[in-house]
Amino acid sequence: MRAIMLMFDSLNRHFLPNYGCDWTIMPNFQRLGERTLTFDRFYAGSLPCMPARRELHTGRYNFLHTSWSPMQPFDESVISRLSENGIYTHLATDHFHYWEDGGSCYMTKYNSHEMIRGQQGDPWKGQVPWPDFPDTLARRKTSENWRHDWINRQFITSEEEMPQKKTVDCGLDFIERNASYDNWFLQIEVFDPHEPFYTQQEYKNLVKPKSLASSSEISRPSKIAFKIRSRFRPAFLSACSINVCRF
């Protein structure tokens, strides 16, 4: 057995060409779909980050038992079962919630794991003063998560420094070093395209923003939401597509 699971957080099927979307630029997902089986009746149970991962490990609906939660002492993990039966398991991720309260006891189920730092509000770089950030309507702009998000961006200024790129690099490194061996399972999971939709200009240039009629009746929140949906998120999705083609 040599198995690879590639996960993109919050990747909505309505933005994928595999499910009929014709305005996002994701050719490598289309190419992948032509060679694979596409599911159209496969649903997640408990969607937020850690509940979804608890379901992945246990095969049980998380929200029927608890909310945001670590792995419980009584939980049976399929990842642990693989290891117990001679399958080497490795996790490459930039999902910083694994290190937070309520996100613990997941990474330890793997034989080995790599965590890429700097994604979203990951408390990565220490900086006492608050960073400068643009005016925003976000309710969380006074939170520590928001603070660290904008601190982290100061140290992630090129494609090579993007957590998504570095996470995929880790996965490819594992494959290159272990391709000749049998009995392993590799889980590569990237936090993108989850908010805050931070990506490099080269991907924004790929997207032609849809037009929004100018009207005094259109509120500022609506215009901002439209810009995110028509430009920033599609640009982010194009970055995901680029990394898919690396496999």
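How much space lies in the largest pocket? About 1800 Å³ lies there, and this pocket makes a useful first stop on a tour of what is a predicted model.

**The whole chain**

Before selecting anything, colour the protein chain by secondary structure: there are 7 helices and 4 strands, and, read along the sequence, they follow the pattern β-α-α-α-β-β-α-α-β-α-α. If you then colour by accessibility, 43% of the 247 residues of the chain count as buried.

**The largest pocket**

Select Leu6, Phe8, Leu11, Phe42 and Ala44, which are the closest to the centre of the largest pocket among the 36 residues that line it. Widen the selection to β1 (2-8), α1 and α2, each of which supplies at least two residues of the lining; α2 gives the most, with 5 residues. Coloured by class, the lining of this pocket shows 21 nonpolar, 9 polar and 6 charged residues.

**Phe42 and the surface patch**

Keep Phe42 selected and follow the backbone on either side, where you will find that Phe42 lies in the loop between α1 (27-35) and α2 (49-58). Is Phe42 buried or exposed? Phe42 is exposed, because its relative accessible area is 68%, a value to be set beside the cut-off of over 50% for that class. Now add Tyr19, Leu37 and Phe39 and switch on the surface: together with Phe42 they make a nonpolar patch of about 510 Å².

**The cavity**

Turn next to the enclosed space, since a search of the whole structure finds 1 cavity of 30 Å³ or more. The largest cavity has a volume of about 100 Å³, and of the 14 residues that line it, the closest to its centre are Gly118, Gln119, Gln120, Pro196 and Tyr198. Helix α4 (residues 144-153) contributes the largest share of this lining, 3 residues, while by class the lining divides into 7 nonpolar, 4 polar and 3 charged residues.

**A salt bridge within α4**

Stay with helix α4 and select Arg153 and Asp149, which form a salt bridge whose closest N and O atoms are 3.1 Å apart. Both residues lie in α4, 4 residues apart, about one turn of the helix. Asp149 is buried, with a relative accessible area of 2%, and Arg153 also counts as buried, at 18% relative accessibility, a value to be read against the cut-off of under 20%.

**Salt bridges at α5**

The count for the model comes to 12 salt bridges, and helix α5 is a good place to look at others. Select Arg246 and Asp169, whose side chains meet in a salt bridge at 2.3 Å, N to O. This pair links distant parts of the chain, with Arg246 in the segment after α7 (220-244) and Asp169 in helix α5 (residues 163-178), 77 residues apart. Arg246 counts as partly exposed, at 27% relative accessibility, and Asp169 counts as partly exposed at 26%. Adding Glu160 and Lys165 to the selection completes a network of salt bridges that links these two residues with Asp169 and Arg246.

For the last stop, select Asp173 and Arg177, which form a salt bridge with their closest N and O atoms 2.9 Å apart. How far apart are Asp173 and Arg177 in helix α5? They are separated by about one helical turn, because they stand 4 residues apart in that helix. Asp173 is partly exposed, with a relative accessible area of 32%.

Technical notes: Residues are numbered from 1 along each chain as its sequence is written. This is a predicted model: local features need pLDDT of at least 70, side-chain atom pairs count only at pLDDT 80 or more; totals for chains, interfaces and linings use all residues. Side-chain values use heavy atoms; hydrogens and water are left out. Patches are made of residues with over 30% relative accessible area and no salt bridge: like charges are joined within 9 Å, nonpolar side chains (Val, Leu, Ile, Met, Phe, Trp, Tyr) within 5 Å. Accessible areas come from the Shrake-Rupley method with a 1.4 Å probe; for residues, only the protein chains shown count as cover. A salt bridge is a side-chain nitrogen of Lys or Arg within 4 Å of a carboxyl oxygen of Asp or Glu. Buried means under 20% relative accessible area, exposed over 50%, partly exposed in between (1.4 Å probe, protein chains only). On a 1 Å grid over the protein atoms alone, a cavity is a set of points where a 1.4 Å probe fits but cannot get out, and a pocket is an open set with protein on both sides within 12 Å along at least five of seven lines; lining residues have an atom within 4 Å of a point. Grid points are joined across faces, edges and corners, and a volume is the space filled by probe spheres set on the points. Ala, Val, Leu, Ile, Met, Phe, Trp, Tyr, Cys and Pro count as nonpolar, Asp, Glu, Lys and Arg as charged, and the others, Gly among them, as polar.
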